[in-house]
Structure formats: structure tokens, C-alpha cells
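Hi everyone, thanks for coming. Today I'd like to walk you through one structure, going from the overall layout to the ligand. Please have a look at it on the screen.

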Amino acid sequence: MAIKAEKTRKNLDVESIRKDFPILQTKVHGKRLIYLDNAATSQKPAQVLKAINEYYTETNSNVHRGAHFLSNKATTLFEEARNTIAAHLNAAPEEIIYTRGTTESINLAAYCYGEAFVKSGDEIVISAMEHHSNIVPWQMICERKNARLKVIPITASGELKMEEYEKLLNAKTKLVAITHISNTLGTINPVEEIIALAHAKGIPALIDGAQAVPHLKIDVKKLDADFYCFSGHKAYGPTGIGILYGKKHWLEQLPPYQGGGEMIKEVTFEKTTYNDPPLRFEAGTPNIEASIALAAAINYINATGLENMAAQEHELLQYATAKLQDIEGLRIIGTAKNKGSVISFVVGGTHPADIGVLLDQQGIAVRTGHHCTQPLMRIFGIPGTVRASFAFYNTLEEVDIFVKALNTALGMLK
Ligand code: PLP
């Protein structure tokens, strides 16, 4: 799935879009904020802030258990939000589990799937470009079950070696877990093909969509993903909410994750019977307002048009890549043909953290460090990178200011 550059900004008035995001007016160290840390978390439009405020001023109550007006209203909004999220992914509502974020979604899937299906000697396949949250939960299940983690290697440009991937799939492989877009390299992985190759051998696949959902149209049916995860806060929604999509037939076979209220049918001291999915996996009071506000974020994305957003982001990526390549000694880490709007780079002997501090002083927010991909940093033989990540509300003028500020910073570090 590629980010297409057609139908560009004719359909997206960035200056008016920016007015939807109050935080973009912030001054940092007396300078206008230029927010280029969107892969870490996105900013929130007023429509999302309004949904949170309205929830607490007009609806606040617990869900699924009250016999009163507000509780029914909260439950209706909470379940309607699930419907909105399901429709956005082309899933059924009972296939949508509310979690705290991608990390919890993957932990839930790893724990429950691992308990049900992984045994001694089995293998789980991940890739060299995974975020720690798509490595560690699988390592934990491998340790518990005496299974083994297999890693798809990557090329120097940061693309998966697909022929090596195919060789890793065998009768012992119990699951493939791959990121859709790398948060460090920006690589958009061919997940449809990855899933099809796994399915050809009867192996299910989980996709980490943390960096994809804010930028690409995701159709879990077309992808044929068995599990798909994302975080609300990277997709213009609030923190503390995420989604695990799971195909109904898988969810029905999985044991619960946590025990408590909501996830039960009946409890006696002798035995408890469990609820059906998705409630089986949603023990305790959920993050109600964040679920509703995530649906508001999805409505915002749909009203703005993912294709328009992606076109703007692609233009920013191309423009910034060309400008950065002109800087002497600058090396872009991650040069895949098919890239999301993320640019990681290092410059000569300078430390990424020093560049980050000097950019911050000029009002520019970037991320520096290993970006929760330490094994990937080791492959490239670097301690970390500077990462600029763009959203559709960024402008070409901001890129110009960023590149100028970077040159100033590099001049100071000489
Ligand atoms: N996976 C990827 C590719 C990410 O970029 C991130 C966050 O940066 C995560 C997983 C974890 O997301 P969260 O911290 O929202 O759970």
C-alpha cells in the first residue's frame, strides 16, 4: 500500500486545518512551535478536545452496568464509538477490543495467543525493524513456552528481505508479527504480501499499525490481517486508548487477558465463566471518554480525507528529504522506496541528542535517540538518530525553518 501523491493540497487548506489544532499556536522559548514529532504522538484537533470536554460535562457515568439515564447514555456513546472504529477498519464491532494503546494490544495478543497456541519448540517471526513493543511481548511468551523468536533481516536501505522471510516460515512457525510502517526508518512494509505468504502456510499474522493508521486507509479484510493494532494518540485521538482488532474466530478461541468486572458471564467461588469477545478482553472500567474521543478523531480524519492528508505528508517528505540531503555529512537512515513521512538521520560525529537540544531552543520539536528500536540501531551501528516526522498540518515553510535551524545547530557543534 503506497502513500499516493495525487489529489494534493488543492483539497486540503493547510492554513485553515492548522486552526483546528490550538496547540500549534504555542510559543516555545519565545519562538513559534514547529512540531515535527508526530510519530511519537500527534496533536489533537478541537473536535477531539470538545468530545472529551462534552463527555465530562454532559455524560460522565460508568458503562454497561447502570440502570440510569447517564449510564445508558455513556454506554451508547462508548459502543457507538466502537462501531465507528470498526467501520473505519472494515471490521465488525465484536472484533474491536479497547486497550490502552498499541503496546497493550500487542501484549494482549501475545499473552492470549501464546497461552492458547504456542508450545515448546515453536517459532514466532518478527522483523529487524520492530519497535520494542513488538519484540518484548513475544520474547516473554517465548521464554514462558520455550519457543524461539526468528527475525527477518533488512537491507541497507531499510527494507525487509522478503526471500529471507519466506525461508523463515515453516511448520514450527506459530505467528508472524510485523510493523506496517517503521517508526524509525519510515519504511512501509508490504503487509498484504507478508500476510498472504504466512497464510499460504497456515500461519496467522499480527500487524503493528501504530504508524500506519494516522496515514493510510486500513482495510483489515483486504489485508486479511488476523490481528491489527494501533494507538489513539498517534491518530489525532487521546492517550490511554488503543485498539486490538482480531478476527472473530481467533478471538473466540483465546483465553482472557485480565480477570475482573465486565469480562465475566457468571462468577461463583468455585468457577467463573467468561464473556464473549470483545468484553472478555476488557476487564474493569474502560477509558470511556478516550474511546468516544478516538471516534471523534476518526470522524475528523474521514472529513479531512486520508488521501489529502497522505498527499500533503508525502510532499513534506519529498521536500524535506531533498533539502536534508544537501547538508554536508548528513546521512538519512531509512531510504526505502515506499516511505511514510518519517526522516531519521545522523550527521558526521555529532550526537543526535545535542542536535535535538539546539533545535528545541529554536522552537523545533524532533525526537532523538533509539526510538524504542535498539536492535535496529545496532544493525546500523549507530547510538541513535534525529527523527523528524510530519503530519498533514505541517507546512513546507516549517520544513525550511527546520533545515535552517539544523544548519545553525550544526554550525554551533563544529
Ligand atoms: N509500534 C510502533 C511502530 C510505534 O511507533 C509505537 C510508538 O512509538 C508503538 C508500537 C507503541 O505505541 P504506544 O506507546 O502508543 O503503545
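Before we start, a word on terms: the domain bounds I'll use come from an automatic or database domain assignment. Also keep in mind that this is a predicted model.

So, how is the chain divided? Domain 1 is made of two stretches, 14-38 and 305-412, while domain 2 covers 51-302. Taken over C-alpha atoms, the centres of domain 1 and domain 2 are 28 Å apart. Where the domains meet, domain 1 puts 34 residues into the contact and domain 2 puts in 27 residues.

Now let's turn to the ligand. Where does the ligand sit? You'll find the ligand in the largest pocket. There are 13 residues around the ligand, and the ones that come nearest are T103, D208, Q211, S231 and K234. Sorted by class, this shell holds one nonpolar, 10 polar and two charged residues.

Let's zoom in on some individual atoms. D208 has a polar side-chain atom 2.5 Å from a nitrogen atom of the ligand. On the oxygen side, a polar backbone atom of T102 is 3.4 Å from an oxygen atom of the ligand. For H131, an N or O atom in the side chain is 3.4 Å from a ligand oxygen atom. And how much of the ligand is covered? On its own, the ligand has 400 Å² of accessible area, and the protein covers 85% of that.

Key. Residues are numbered from 1 along each chain as its sequence is written. This is a predicted model: local features need pLDDT of at least 70, side-chain atom pairs count only at pLDDT 80 or more; totals for chains, interfaces and linings use all residues. Side-chain values use heavy atoms; hydrogens and water are left out. A residue is near a molecule or strand if one of its heavy atoms lies within 4 Å of it. A polar contact is a pair of N or O atoms within 3.5 Å; within protein, one must be able to donate a hydrogen and the other to accept it, and residues adjacent in sequence count only if both atoms are side-chain atoms. Accessible areas come from the Shrake-Rupley method with a 1.4 Å probe; for residues, only the protein chains shown count as cover. On a 1 Å grid over the protein atoms alone, a cavity is a set of points where a 1.4 Å probe fits but cannot get out, and a pocket is an open set with protein on both sides within 12 Å along at least five of seven lines; lining residues have an atom within 4 Å of a point. A molecule sits in a cavity or pocket if more than half of its atoms lie within 2 Å of its grid points. Ala, Val, Leu, Ile, Met, Phe, Trp, Tyr, Cys and Pro count as nonpolar, Asp, Glu, Lys and Arg as charged, and the others, Gly among them, as polar. Contact means heavy atoms within 4.5 Å.
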